[in-house]
Each structure stands twice: as structure tokens, then as C-alpha cells.
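Hello,

I am passing a structure on to you. Please have a look, then read my notes below.

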Amino acid sequence: MQTLSRWMSAAWLLLLPLVAAAASSGVVRATLDNGLRVVIVRNALAPVVTTQVSYLAGSDEAPASFPGTAHALEHMMFRGSPGLTRDQLAVIGAGMGGDFNAFTTQAVTSYYFTAPAQDLDVALHIEALRMRGLDLSPAGWARERGAIEQEVARDRSDPFYVFNTQLLAAMFKGTPYAHDALGTRPSFNRTGAPLLKKFYDTWYAPNNAILVVAGDVDPQTTLGEIETLFGAIPRKTLPARPRYDFQPVAAATLHYPTDYPVGVAVLAYRMPGLQASDYAAADILVRVLGSQRGALYALVPQGKALFASFQSQFLPRAGIGYAVGAFAKGGDAEALLAQMRAILARYAADGVPADLVDAAKRKAIAQLAFQKNSITGLANAWTNALAFQGLDSPEDMAAAYAAVTPAAVDRLARGVLQPAHVITAILTPEPSGKPIAGKGFGGAESFAAAPEKPVALPAWASAALDRLELPKSTLQPYSTTLRNGLRLIVQPENISDTITVLGSVRTQPDLQQPKGQDGVGEVLSGLFNFGTTTLGRLAFRKALDDIAASESAGYSFAIAAPSAHFARALQLLADNELHPALPEAAFRIVRQQTAQALAGQMDTPDYLFARAIKHALLPARDPALREATPASVLKLSYRDVKNYYAQTFRPDLTTIVVIGKVTPARAQHVIAAQFGGWQAPSARPDLDLPAVPPNQPAQQVVPDKTSVQDTVALVQNTPLTLRDPARYALTVGNQVLGQGGFASRLWRDLRVKTGLVYGVSSSFDIGRTRSTYRVTLGCDADKVGQARAIVVRDIEQMQRQPISALELKRAQGMLIRRIPLGESSINAIGGALLYYAQHDLPLDQARIAVRQYLQVTAPEIRTAFAKYIRPKDFVEVVKGPAPRRGGIEAGNR
């Protein structure tokens with residue numbers, strides 16, 4: 001640390017006190033007598049709290065031949081504990097309205113709960129009961145195994161996931177890191193409840209856990225409650241940890257077919273881990289190699305790659321850094337790999353640019369201040385620091401970053417970027433086949449409707465869930481419209497010394513793109529990365545780096561920076577939006593890259609899946625059926641793009657939201673100075689698409705040979721709009737049917753009772769003039785018919801019978817509790833305000849909705865579902881690995 005002052009420039013030296021203040025303000029730490037480590041971080045952004053319990057055991061600790069043990073146990077943690085049944089847990093988790101879930105990694109299994117701050121007691125009760133004991137019956141595991149196998153099938157349908165599993169095996173051969181944390185179907189078939197119980201009894205102990213609580217809470221009061229609920233849980237004697245005997249990586253080349261629209265070339269290297277002394281230098285190296293001012297990214301504007309970056313995957317004891325480049329379908333992967341190798345070899349031989357090291361350090365330190373801008377993100381940051389990195393706080397990284405020198409980064413680059421230890425991968429796009437007409441998915445199956453039985457809750461939970469009150473809001477947005485028609489919304493927040501600006505230019509390419517110019521908007525969007533008329537591409541990126549800002553431009557634009565640099569950040573953003581360079585040479589490159597990407601995309605299963613849905617829903621010649629093709633893009637001229645920019649970028653269709661440490665007066669002064677002179681070129685256009693008639697039922701299958709399970713979408717048009725008051729009844733009803741998480745009817749019937757799917761949801765996409773209703777699920781091909789029949793049955797039940805009074809109350813409670821959750825991060829607040837403004841809704845629309853939800857009745861929900869949903873008229877599109885097999889008859893409909 002004695003060399004710290006030598007390397008710290010004044011610009012980012014000023015950031016350290018801000019980071020240190022964030023670390024010391026409102027943080028309470030304790031270790032209970034049983035060894036449970038507790039950290040409570042107060043954050044008053046919104047009346048919300050996140051609890052995160054992390055057990056220091058993951059797939060690394062799994063028994064030999066059972067790599068998914070920790071993941072399987074994670075699932076079973078949601079099936080009940082002594083004193084809390086599975087059904088009670090599902091009802092409570094959903095009723096809280098927040099994010100209640102978990103994730104398993106190699107070293108840590110973490111359980112998190114985000115809820116209104118008033119419900120902290122409920123979240124703590126749940127975690128204390130799960131730490132005390134677990135219901136691990138063979139029957140419960142048999143049911144959950146079906147669901148976890150669907151999750152495995154879903155993830156193994158992703159070609160990059162499959163590649164990553166093989167990369168881990170090659171990079172970490174002979175160590176626990178050689179397999180991922182997911183597990184395999186064969187291992188789950190051999191897994192039994194006794195094995196899971198042994199794992200739980202061995203590793204799930206207070207002295208092997210860390211509890212982080214972040215949000216609008218009183219730290220001392222919260223610590224007292226934690227001591228009461230967790231203090232008596234006995235500690236356990238922990239066994240020895242697995243060994244990590246890393247051997248030198250043997251160079252290898254991997255080849256994979258994919259359903260991607262482009263090919264991907266990868267050069268992967270072993271890196272230090274999160275707990276290594278040189279992790280900070282490794283992270284800075286990754287940032288430098290991935291910089292848009294670096295040589296790797298330069299392959300994109302030079303037209304040599306469609307995408308290029310350097311990314312990382314850090315684990316506690318080791319990591320992977322990989323250069324990634326994308327090439328056009330049918331392109332030369334070896335040529336791209338050769339260029340990437342040459343660039344990395346130059347960095348290893350000559351060192352990395354010192355100014356990029358300085359910029360990476362400045363941005364890394366500044367980003368620590370942004371952790372306070374999300375309550376859930378703050379909890380996760382503390383969990384990552386304590387459980388994964390072995391630090392005392394997230395802000396410990398500030399000093400570590402500050403101490404990194406260019407020499408240390410150069411030394412690491414020479415050691416890491418070794419051709420003898422690189423794993424090369426080429427992911428080549430291959431078509432999966434054309435869509436075929438489907439014959440439906442049966443309907444002959446018969447399922448008796450389960451009786452609706454109210455679930456009695458513990459007193460500590462029922463008292464909380466019975467409260468139906470209009471939630472508090474900390475938002476008081478200031479709104480004004482500049483003389484040129486631009487709308488400005490300002491929400492002051494003093495939670496951190498940062499500013500976030502979000503903006504949008506409302507556009508409708510289906511109506512605005514001239515005939516024969518489909519794709520002109522896509523080409524234009526790709527040109528915003530080439531700087532401005534006053535600052536070239538590299539100079540513009542350097543100006544952003546100088547103030548540690550992150551920026552994106554186009555029809556949706558944003559910038560985030562320390563509040564001290566607000567004026568400069570807005571100057572750069574406005575320069576990019578209003579004066580983009582749009583160089584003609586770059587136009588030719590971007591046009592070619594866009595056409596190449598489209599050529600690959602139009603053969604991908606995902607594209608064909610979405611296209612099949614759209615064409616089945618919309619009438620012939622509907623404007624929304626327009627689509628860019630390689631041919632239409634290659635016909636575009638430079639003048640076409642310039643004209644489209646001039647016609648569609650206009651202030652009277654633009655909204656800017658400023659949120660952070662700024663006053664409305666200051667924000668308005670800066671915005672007016674930078675955007676006030678912008679003028680609309682003509683009369684404001686009508687951008688509303690025409691309404692569409694009800695769709696007819698249809699079925700289609702999209703082959704996807706890289707998948708191992710089916711993705712199923714049941715979609716239909718519905719005559720609903722943002723102005724229709726029935727949307728409130730439908731929203732409440734949909735909480736009961738498919739949007740209410742663990743407690744919804746679809747989840748209960750498809751996941752909990754039958755194990756047919758890993759996940760299922762139903763949702764409304766409500767627009768100004770047209771809307772859709774969708775049910776989405778993923779399951780094995782031979783289970784699709786059974787799953788679909790359950791979906792139709794549950795919807796028809798919503799139309800025939802009013803939901804119960806208890807269901808209504810709990811659905812209302814879920815929606816009410818989600819209101820403060822929508823204010824628990826700066827980005828969520830800004831995004832919501834931007835959405836309301838762009839859709840001509842009141843800025844307090846969330847609170848208006850709450851009052852409407854409280855007035856909805858069960859008969860109104862039944863009536864709305866009967867009017868707006870047609871279970872027999874779904875467009876059914878399946879994306880899956882194999883053609884439909886026997887027992888599928890069109891007449892079964």
C-alpha cells in the first residue's frame with residue numbers, strides 16, 4: 001500500500017472517500033454464538049428489504065458422481081420444513097409479492113427474499129425455520145425431481161451452456177470445478193432423499209452461513225430479532241473442504257454446432273480466482289482487454305468481426321478469461337481467431353496501455369458507489385464480497401483496485417495469455433429445419449380439478465399477509481416540458497453520489513420506415529458507436545472513461561456517472577444523440593454487418609418461433625409483419641439512413657428521466673442547455689398501430705435440434721388496451737392463474753403436483769391499440785399435450801367460477817406489495833417513469849392501480865376472463881428437438 005499515492009490520479013482518488021463513506025454508513029455486523037455471521041446494511045431508497053442467506057457449500061462439496069446434490073437440495077428447501085409446510089411456504093412466498101428464490105454455485109448456495117420492509121419478520125422466520133430443519137421425504141423428492149430435470153433440460157438446450165460445461169471440464173480437470181453446479185439427469189436418477197438429508201445435515205449450519213439484510217430497516221432492532229430467531233440453532237462440526245489441485249491447462253480445440261444467427265470464436269485462459277491476491281489486477285486486465293478503446297473491440301468497427309470482447313467467469317479459487325468474437329454465418333472462423341490471437345499476443349509481449357488501466361480502475365471504483373442504487377443489488381454485493389471473495393465488505397475492493405499498477409497488469413497478462421495453455425472453441429451456426437404445421441397437442445387427457453382448500457398460515461405470517469394497505473412511496477417526480485416538446489422528469493435521490501439518466505425517442509419502424517427500406521432503423525442504431533461530429537469514436541470513449549461514465553445512444557439512450565460529472569455526462573450524451581458522426585465509411589461496414597447478422601438470424605429457431613407466432617396472430621399485410629431482410633438492408637443508401645435519422649429523432653417524441661443526487665432546477669438547467677435547441681422537423685406523426693381482429697387457432701412446430709426440451713407458447717390477441725378498466729381485474733386474476741409464482745394455479749398444477757415443467761407463467765402484453773395474452777412453459781416433448789390440457793382447464797375454470805375470497809385477497813396483497821418493490825432500485829424507478837411518460841399514463845400510475853386492485857371483485861374477474869380470453873383459440877407454437885410423435889390428432893381439439 002506504500003505505493004498507493006504514486007499511482008492514484010486525482011480524478012479517481014476523489015472517489016475513494018465516497019466509497020469508504022458508503023461502507024461505514026448504516027452497517028451493523030455481528031457473529032452469533034452459534035457462528036452465524038450477520039451483516040445488516042441500511043438503505044432508505046424505498047420501504048423494501050432483501051434478506052440473503054448463503055451457505056458456504058455448493059457443487060464443490062457434492063459427493064462423487066452426484067454433481068447436482070447441492071442444486072437438488074436447493075429445490076427441496078422450498079418444499080417445507082418442520083413448522084412450515086410446502087403449501088404454506090408457497091403461499092407466503094407468493095403473497096409477499098417479492099422475489100423469493102435461490103441459486104447454487106460451485107462454492108455457495110444462496111437463498112434470497114425481497115419484500116416490503118414491513119414484512120422483514122416473515123422473511124426471517126422462513127429462513128430460521130429452513131436452517132433448523134427440512135422436510136426431505138422420498139415422495140417429495142420424487143415430485144421435485146421431475147421439475148429439476150426440466151430445468152436441466154432447459155439449460156442444456158443452450159449451446160453456449162453446453163460449451164461452458166465442456167470448457168470447465170477442460171480448464172479444471174481433476175478438481176471440483178471440472179463440473180458445473182447444475183447436475184445431470186443420470187445423477188438425479190441415482191439421487192435419493194437420504195443423500196440429500198446427509199448433505200443438509202453436514203453443511204447447512206449457522207457456522208457455515210452468512211446472513212445479509214439490506215434495506216429500509218433499523219439495524220439494531222433487526223439484529224435483536226435475528227438473535228431471537230437464529231441464536232438457538234446449534235452449530236455443527238464441519239468436515240474438511242475439497243482440495244483444488246489445479247494442473248496446467250492443456251491446449252485444446254472444441255467444436256460445437258449452435259442455433260445462433262452467427263458463429264462464435266473463443267480463446268479461453270485460466271485466470272486467478274475471486275479470493276486470489278491478484279484478483280483485482282485480473283479484473284482490471286479483463287476490463288482493459290474488453291474496452292471499446294482496445295484492439296479486440298476495434299475488430300468490429302473495422303468490419304472484421306460482428307462482435308468482439310473479453311469476458312470473465314470468476315470462481316473463488318480460479319477463473320476463466322475469454323476473448324469472444326462473432327463471425328457471419330459461413331464466415332472464416334480461423335481468420336478471426338488468428339486476429340484475436342495476434343492482438344492478445346501483442347498485449348502479452350508489449351504490455352497493456354497504461355491509460356486503459358487507469359480508466360478501468362477509475363470505472364471499477366466508481367461502480368462501487370452504484371451498488372447502493374439497488375437494495376437487492378446491495379445485498380448481493382455484500383454476499384459476493386463475504387461469501388465468494390472472503391472480504392470484509394464490497395468496498396474493500398476500492399483499495400485493491402487503487403493499488404493495481406500497469407506493471408502488475410502487464411505481468412499478469414504475460415502469465416495468463418499463453419498460447420500453450422489456451423482452449424479454443426468454435427461455435428458454428430447450423431439450421432435446425434423449417435417450421436412445420438402442427439396437429440395440436442391432444443386434449444384427450446382428463447384431469448380432475450383439485451378442490452380449493454384454504455391454507456392455514458402461522459400467526460407470524462397471516463398477520464402480515466392480511467394487511468391490505470396502500471403502500472408508502474418515496475417518489476415525488478418533477479415533470480416539465482421544454483419549449484421544443486421534450487418531456488423532462490426528475491426524481492431526486494440522495495442514496496448515492498451518482499446520477500442516472502434514461503431516455504427514449506418514441507418510434508414505430510413498422511409505420512415510419514419508407515417502403516422498401518426495412519432495416520434502415522437497425523443500420524442507423526449501429527452507427528451511434530462511431531462517435532460524434534466533434535469527437536471521433538476513440539476520443540468519445542476516452543471522454544466517457546475520464547469521468548467513469550457508462551453510456552449508450554440511439555432511440556433508447558442512457559448515461560450513468562458520478563454526480564460531480566453530471567454536466568459533462570449530459571454534454572456527451574447530447575452530443576451523441578443530436579450530433580452523431582454517422583460516417584459514410586462506417587455506414588458501409590454496419591450495413592454489411594447488419595445484413596450478415598440477419599442472414600443468420602432468419603434461420604434460427606428463436607427467430608422462426610417468434611415469426612410463427614406473429615404471422616398466426618396478425619392479419620395479412622399488417623404493418624407489424626414488415627421485416628428486414630439481408631436484401632432490403634443491402635439496398636439501403638447512406639442518404640436513406642441520414643434521412644431516417646432526420647425524420648425520426650425529434651424532441652416532441654422524446655422523454656428524459658434524471659434520477660439521482662440532483663435538484664430539479666439543476667437538472668432542468670443542464671437538460672435545457674444541451675437539448676433545448678433541438679427542433680422537430682415536421683408535424684408530429686401518428687405512431688399507433690391499427691387494432692387487430694381476434695386470431696384464429698393455429699399450431700406450428702419449429703425444429704430445434706440443439707434443444708433437449710420443448711419451449712411452448714400459447715398466445716392470442718385480446719381486445720384490451722391501456723385505457724380499458726378491465727385490465728385491473730385481469731391483472732388480479734392473472735396473479736391467481738399464472739403470475740403469482742409458487743402459489744399460482746398453473747404452478748401448482750404443472751410444477752408442484754405433476755412435475756411436468758420447470759417453469760410456467762402467463763402474462764398480458766397490453767398496448768395502446770393491441771394486446772396479447774400468453775402462457776409460456778418448457779417441458780419434455782412427450783409431456784406437452786398433458787401440460788397444455790391443464791392450462792386450458794385452469795383458464796376455463798377461471799371463466800366458470802369466481803375465485804375464492806382468500807385467493808382474491810392474496811392476489812391483491814401480492815400486487816400491492818409489489819409497488820414498493822418497483823421503487824427499490826434507481827433503474828427500476830427510472831424505467832417505470834419513462835414507461836408511464838411514453839405511454840401517456842400518469843406518473844403515479846402504480847398507486848392508481850393499487851386503488852383499482854383493491855376494488856376488484858371475484859365476479860368481475862370471472863367476467864373479464866370470459867370476455868377477453870378464448871381458451872379454444874390459442875396459437876400454439878412449439879420449439880423443440882424432435883418432430884411430434886404419435887397420439888396427436890387434429891380432431892382432438
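Leu582 is buried, because its relative accessible area is 3% and the cut-off for buried is under 20%. Look for Leu582 in the loop between helix H22 (566–578) and helix H23 (584–601). Its backbone deserves a look too. Phi of Leu582 is positive, near 45 degrees, and the residue is not a glycine. For context, most residues other than glycine have a negative phi. Bear in mind that this is a predicted model.

Arg621 also has a positive phi without being a glycine. Here the value is about 65 degrees. Arg621 sits in the loop between helix H24 (605–617) and helix H25 (630–634). Is Arg621 buried or exposed? Arg621 counts as exposed, because its relative accessibility is 79% and the cut-off for exposed is over 50%.

Now the cavities. The structure holds 2 cavities of 30 Å³ or more. My notes cover the second largest. About 30 Å³ of space lies in that second largest cavity. Which residues line the second largest cavity? Here they are, by class:

- Nonpolar, 4 residues: Tyr260, Pro429, Pro431 and Pro605.
- Charged, 4 residues: Asp259, Lys329, Glu430 and Asp603.
- Polar, 2 residues: Gly600 and Thr604.

Gly600 belongs to this lining, and residue 600 falls within helix H23 (584–601). Pro605 is in the lining as well, and helix H24 (605–617) begins at that position.

To find your way around, start at Leu582 in its loop, go on to Arg621 in its own loop, and finish at the lining of the second largest cavity.

Best wishes

Note on methods. Residues numbered from 1 in each chain as written. Predicted model: local features only at pLDDT ≥ 70, side-chain atom pairs only at ≥ 80, totals over all residues. Heavy atoms only, no water. 1 Å grid on protein atoms, 1.4 Å probe; cavity = no way out; pocket = protein on both sides within 12 Å on 5 of 7 lines; lining within 4 Å. Points joined across faces, edges and corners; volume = space filled by probe spheres on them. Helix = DSSP H or I, 4+ residues; strand = E, 2+ residues; numbered from the N terminus. Buried < 20%, exposed > 50% of the residue type's maximum accessible area, 1.4 Å probe, protein only.
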